[in-house]
Every structure is written in C-alpha cells, then in structure tokens.
Amino acid sequence: MKKLILSSILAFSFATPALAEVQTTDITEMPAGLYQLDASHATVLFKVRHMGFADYIGRFDKLAGEIDLNTDKVEESHVSITIEAASIDTNNEVLEKKLKDADAFDVGKYPNITFEATDLEMQTETTGLMTGDLTMMGETHQVTFDVVFNGGGVHPMNSKNTMGFSATTTLDRTDWGLDNWVPMVSADVQIEVHAEFNGAVTDRPFAK
C-alpha cells in the first residue's frame, strides 16, 4: 500500500508543471499586443464600513476585460473592464437581492459596470496611476487607481504570455446614486482589483 501511495505521489509530481516564477517585473519587456482578462484568476472586491464597527466585504463574480499593451509607450496602452452587476456576491442572499433591485444597482436596467482607462502614468518600473471613466447605473465619473505590476512571464499551464496586476482606489458611491443606508454604511467604498491577463501563446521560454 505504501509503495502504491508513493508511486501515485511521484506520478502526480512529474505530471504537474513546476510552479511558474515571475520572469520580469519590467512591463516593457513583455510582448506588445492584446491581453485578455483571465476571469478565473481575477477578483474585484469592495469594502464598506458598517455602522463604524467593522468593514463589510463583497465581490463581483463575473467580469471580462482586456489590455492592449504598447511597450514602446506604456502610457498609450488601452485598458477596459466590464463587470456583470448581477454577479454581486456578499455571502448574504437577502442583501444581494436588495442590491440588485431598482433602489440600488438596478441590474435589470443597468446590467453592466464598465471602466475605460483614459490616462496611464508610470511612476516606477512596477507602479503607476490609472485614471478612467467608471460607469454604473447610467452615471459616469472618473476614478484613479493605484496600480502595481506584479510581474509577467509565460504561464506554465497554457504557454501564454501572462501579466498580473493589483489595483486599489476609494470612491464615494453616492456620486453614482448609490446612497442606500448612508451613514450607517459608509459612502466611501474601497475597491481592490487582483487580475491576470493572458496574451498570445509562445513557444519560447520567454518572449522579450
């Protein structure tokens, strides 16, 4: 039995690709072109303060997006994200129903939340600012994200050039008409985005 278990572990180990290591933290070393959001490795979190006691955290489960990367001038790259508003997830079915109805996100009338970058500014090799138009419930306002490029390289599972990012911002939800339960629930909302984007398949160990 012990030999069988050991054989199974060894077989699994050899069949499983080695964990990838980030091959660059310089985004200009990544191949230019179109990268699609890997929705299975992407998260949009939101955080509000509940009655001053603690932060309440939720997320959206369905999103899509793309980056058209210009490595000659990163600031001229294009970024867009679309979130399915009805995919809001608070681990509370009663609250989710209230958030989806006409008094809140009104997902029947406004099914999508979109973000289109209008200005990108590199601050260091791995950090920058991303300003863009955030549209929800028929209202559009500019927000600025602090962005970190976590790194890039070739994904060992699909051989695609892959980039990973984290981004944060704080917005006033009442600007978009989301004034439910203020001030018991804070008007300020902290947003966190964690996402991987996949580009073209490459047969090279790393494409500079």
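**Met 51.** I looked up the exposure of Met 51 in this predicted model. Met 51 counts as partly exposed, at 46% relative accessibility. I located Met 51 in the loop between strand S1 (33–50) and strand S2 (54–60). I then checked its backbone and found a positive phi of about 55°, although Met 51 is not a glycine. I note for reference that most residues other than glycine have a negative phi.

**Surface patch.** I next asked which residues form a nonpolar patch on the surface with Met 51. They are Phe 53, Trp 181 and Met 184, and the four together have about 470 Å² of accessible area. I looked up Trp 181 separately. Trp 181 is found in the loop between strand S9 (160–172) and strand S10 (188–201). With a relative accessible area of 35%, Trp 181 is partly exposed, because that term covers values between 20% and 50%.

**Loop between S9 and S10.** I examined the peptide bonds here. Val 182 and Pro 183 are joined by a cis peptide bond, with omega at about 5°. Pro 183 is found in this loop between S9 and S10. In general, most peptide bonds are trans.

**Asp 106.** I looked for a further positive phi and recorded Asp 106, at about 50°, although this residue is not a glycine. Asp 106 has its place in the loop between helix H2 (93–100) and S6. Is Asp 106 buried or exposed? Asp 106 counts as buried, because its relative accessibility of 18% falls under the 20% cut-off.

**Strands S6, S7 and S8.** I followed the pairing from strand S6 (residues 112–122) to strand S7 (residues 127–136). These strands run antiparallel and are joined by eight bridges. I noted one pair in particular: Asp 119 has Thr 131 in S7 as its bridge partner. The hairpin from S6 to S7 passes through four residues. I then traced S7 to strand S8 (residues 139–154), which also run antiparallel, with 10 bridges between them. Met 136 has Glu 139 in S8 as its bridge partner. The hairpin of S7 and S8 has two residues between the strands, and there Met 137 takes a positive phi near 55°.

**Ser 80.** I finally looked up Ser 80, which lies in strand S4 (residues 78–84). Ser 80 is buried, with a relative accessible area of 12%. Which residues does Ser 80 contact, leaving aside neighbours within four places in sequence? I recorded Ala 64, Gly 65, Glu 66, Phe 115 and Glu 116. Of these, Phe 115 and Glu 116 fall within the residue range of S6.

Definitions and conventions
Residues are numbered from 1 along each chain as its sequence is written. This is a predicted model: local features need pLDDT of at least 70, side-chain atom pairs count only at pLDDT 80 or more; totals for chains, interfaces and linings use all residues. Side-chain values use heavy atoms; hydrogens and water are left out. Patches are made of residues with over 30% relative accessible area and no salt bridge: like charges are joined within 9 Å, nonpolar side chains (Val, Leu, Ile, Met, Phe, Trp, Tyr) within 5 Å. Accessible areas come from the Shrake-Rupley method with a 1.4 Å probe; for residues, only the protein chains shown count as cover. A salt bridge is a side-chain nitrogen of Lys or Arg within 4 Å of a carboxyl oxygen of Asp or Glu. Buried means under 20% relative accessible area, exposed over 50%, partly exposed in between (1.4 Å probe, protein chains only). Contact means heavy atoms within 4.5 Å. Two strands pair if DSSP finds at least two bridges between them.
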